[in-house]
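Dear colleague,

Please find below the structure that I am handing over to you. My findings follow directly after it, and I would be grateful if you read them with the structure open.

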Amino acid sequence: MLVGLLLLTAAGLGILYSAGDGSLPLLEKQAIRLLLAFLVMLLLAQIPPHQLYLWTPWVFAVGLVLLLLVLLAGEIGKGAQRWLDLYVVKFQPSEMMKLATPMMLAWYLSERPLPPGFKSLVVSSVLVLLPTLLIARQPDLGTALLVAAAGFFVVFLAGIRWTVLIGTTLAALGFVPLLWKFFMHDYQRQRVLTMLNPESDPLGAGYHIIQSKIAIGSGGIYGKGWLNGTQSQLDFLPERSTDFIFAVFGEEFGMMGAIVLLSLYAFIILRGLYIATHAQDNFSRLLAGSLSLTFFVYLFVNVGMVSGILPVVGVPLPLVSYGGTSMVTLMASFGMLMSINSHRRLLSR
Amino acid sequence: MSYRTLVTDHSYHARQFRSRAVFAGFLCLLLLIALLVRLGYLQIIENTHFSDLSENNRIRLMALPPNRGLIYDRNGVVLAENQPTFHLELIPEQVPDMDTTLAALGKIVRLSEEDLKRFRLALRNRRPFDSVSLRSRLDDEEVARLAANRHRFPGMDIAARLSRNYPHGKDVVHAVGYVGRINEKELETIDVGNYRGTNYIGKTGLEKYYEDDLHGIVGQQNVEVNAEGRVLRAIDTVPPVPGNDLVLSLDLELQQIADAALGDLAGAVVAMVPQTGEVLVFVSKPTYDPNLFVDGISHTDYDALSHGDYKPLFNRALYGQYPPGSTLKPFIGLGALDDRVIGAHEDIYCNGYYLLPGDDTERKYRDWKKEGHRHTDMNKAIEESCDVYFYEVSRRMGIDRIHDFLNKFGFGRRTGIDLLGERSGLLPSSEWKKRVHRKVWYPGETLISGIGQGYMLTTPLQLVNAVSVLASRGVVHQPHLVREIRNNQGEYSEIIKPEQTTFKLNNENNWNLVQQAMRDVLHGTWGTARLTGYGLKYKMAGKTGTAQVFGIAQDEEYDQETVAKKLRDHGLFIAFAPYDNPQIAVAVVAENGEHGSAVAPIARKIIDHYLKVDGPASKATSVRRKRTSN
């Protein structure tokens, strides 16, 4: 797993170099973050799962409080309240909830008889919806989605009955128009509409998607070569070092590069699921499985958005996109996975 | 329940979990494959489409406008050049907020109401992503300020352009003309492709007449641009072909001398070389600065020029139609001699007026000299400008023979000079009167036509052209301002040699008789311009003339204060020199200049300079008023 992560982050730095117009300070910052993130990962890998288990309710509670604080006194960045200024670092509590929510659900469900009964499901739903809605209020649709997904995966892996699952899914689908009407911001609605027909507004909202598709499409099978992507090197592609970095990759390395990169991701995800199935207790299992699947959601949403099959939501390409907090969060989750992996034999005695 | 009991428990749960995990894993793989299929669709199937789009994004075809040809005088002095100037342009698509941008730019450079008005108008008529000019001719300081603030204004560009500049604008504008911004009417007539990137087009004068030569051929360049439209590098280039240079026959120095000699008088001076038809001087006064027109003239400036006294924009040399007055007499005299209606030394007695034979009204056709010239032959009639003599010979010739003879000298038709809009003047005939006025020609009208009044109208250009024919004994040229069209490598590509035709008189000696009489105008004892001829180191031949102020094409409401001056007669003078070997022919028309003898010194100054003779100043000056003649 470590090998896979190292390969991925190395590839990420390479693409970032190209996307950032060869800016070394940018690269340096990212490298420092990576280093930090790896340290966090190794640190967490040392903490045994039962320790995590004990901390879980507290972490979740603190996270919720912080989310509330953000809503009340948060910094506004890019039109949304996401940041909490801790004087030393700016910190996004919502990032923390990406880990805390699945932990909390795993903690809760591991104590109940599985598959979960009706009461457990209600409690679980509350535990998931509380942070999700708080984050969606910020508003940060991408993170809210990821938090909700992480929570959902725990419930799914805990063995929720198919009938219940399909029933709630249908109910949720019925909820979508309401969501559309009352809970989404104009810009979020616009994003969805734009995704459905980007050409309707080629210079406005559709610009990102059109340019991104052009970048990927013009890459062809073998790509234009590292540092040779015209779309990305000539500034046509917006946000190319952050959310749209996959378009740079697609343009410069083409279909072949994409296959290799996605395989690498697939390896990490499957490895995570493998660790989950071989974990020794419910908490570890549920947590590991959820974290792995959340990682997949990151990937799928980002690549789907960049290639124009999903709306533009602010989800970075995990471990590759430029940016600090999500990197640390992701690495922390891998740290937990490693811890679960290394502690299973210990516990099986 | 402790943690330990939970973990050791429930193999059922482990199995349940495994099946879910495997299911999830498969789903993940499936979705990943879906992503790959999507990517494959974009990158393989739609690859050509997106590659094209990417190229279109990246490559922009830019027009490389050719440099306009320069215009030189006959001695190589530049009359029209291209000066690098800086212009402020905006690409509206890249400007986030036009109003605030304009307001902010207005604090950095001077933006007039008219600039803004023109800009907003141009905004509406343009192609997407074309840049629109906001201010032209920025000064150095403005360029520096804009460059320093460039980052604040996305979509702003400081474009370096070549602008037309006329270093001697005022002196030559009526010949050279000027360029201006292409207007919509012109867009319909030009090859728009060849004018991509070009802002200017010849509006008047040679700039217009030789537009095709001066403009050149547009070049093209494929350039790589970034998302902001900034050009990063050129990919391939088809260089433009610069326009050809014009070398004029005009002599700037002579032009300036003529201009100065006319002083404050409105009028025209044209001089040409009789042997070649080359125009040496082409002055119309008052004049104006063509540089005002290049980037669009302001309304105030334009009003001043178009409604001001004497209308500076009016090209008198080309459009001004004046009665030739007595300057017509040598031509009438020559016609009479050649038609043998009168002998060279035949006397006509002038007692101050003329009675038309057979006219019962006893109307007196007066001579300008009340007491009459007494015995008058051809030489004396021209030298002293006797009207009665010419009444008689005109009567003998009749209007139609006068018409036919004068026609040979180019009266009544366009000379064909290389300028547009030339007027043809008017050379009447009985047929013409019947056609236009539906009336018969009266014999009395023949008399006044014989002294260059009545219907007769000529332009200054026609006059000099006729003098030139007289000086060269029947050689007719198309007068022309451009001597050479040179291509940009400096190879001579074309030397203009206009057609030349020659006509012969029945008796070639008649040329001598008339030329001698014209010599005596300056050098004879009683010559009307003898004061100008005084002290000349060469022999000049000429003829004075006076035109009454009426029938001028451009007269209109007069300013009260200028009425008196404006009602004065126009003074005319035609000349060629040296008398025995003519090298230059000149025609001067000075509006309200009173009499030809008063404007003769103007011609002398030009000829003195052209023949490189600096004689003592003649006794007459244009300021001194002489008695008027008819």
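Is B:Cys386 buried or exposed? B:Cys386 is buried, with a relative accessible area of 0%. Please keep in mind throughout that this is a predicted model.

**Two cysteines in chain B**

B:Cys350 likewise counts as buried, at 0% relative accessibility. Why do the sulfurs of B:Cys386 and B:Cys350 not form a bond? The closest cysteine sulfur to that of B:Cys386 belongs to B:Cys350, and the distance of 3.9 Å is too far for a bond. A disulfide requires the two sulfur atoms to be within 2.5 Å. By this rule, the count over all chains is zero disulfides. B:Cys350 is accordingly in no disulfide, its nearest cysteine sulfur being that of B:Cys386. As background, a disulfide is a covalent bond that joins the sulfur atoms of two cysteines.

**The surroundings of B:Ala529**

B:Ala529 lies in a loop of chain B, between helix 22 (509-523) and helix 23 (530-533). With a relative accessible area of 1%, B:Ala529 is buried. Which residues does B:Ala529 touch, if those up to four places away in sequence are not counted? They are B:Val521, B:Leu522, B:Thr544, B:Phe573 and B:Ala600. In the case of B:Phe573, 44 residues separate it from B:Ala529 in sequence, while the C-alpha to C-alpha distance in space is 9.2 Å.

**The contact between chain B and chain A**

The size of an interface is often expressed as the accessible area that is lost when the parts come together. Between chain B and chain A, the buried area is about 4,500 Å², and carbon and sulfur atoms give 72% of it. Helix 1 (3-8), helix 2 (11-45), helix 3 (47-58) and strand 8 (219-225) of chain B each supply at least two residues of the side that touches chain A. Of these elements, helix 2 of chain B provides the largest share of that side, with 23 residues. The residues of chain B on this side divide into 25 nonpolar, eleven polar and six charged.

How many residues does each chain bring to the contact? Chain B contributes 42 residues and chain A contributes 60 residues. Six residue pairs are in polar contact between chain B and chain A, counting pairs with both residues at pLDDT 80 or more. The count of salt bridges between chain B and chain A is zero.

Yours sincerely,
A colleague

Conventions. Residues numbered from 1 in each chain as written. Chains lettered and ligands numbered in written order. Predicted model: local features only at pLDDT ≥ 70, side-chain atom pairs only at ≥ 80, totals over all residues. Heavy atoms only, no water. Buried < 20%, exposed > 50% of the residue type's maximum accessible area, 1.4 Å probe, protein only. Helix = DSSP H or I, 4+ residues; strand = E, 2+ residues; numbered from the N terminus. Contact = heavy atoms within 4.5 Å. Buried area = accessible area lost by both parts, 1.4 Å probe. Salt bridge = Lys/Arg side-chain N within 4 Å of Asp/Glu carboxyl O. Polar contact = N/O pair within 3.5 Å; in protein donor to acceptor, adjacent residues only side chain to side chain. Nonpolar A, V, L, I, M, F, W, Y, C, P; charged D, E, K, R; others polar.
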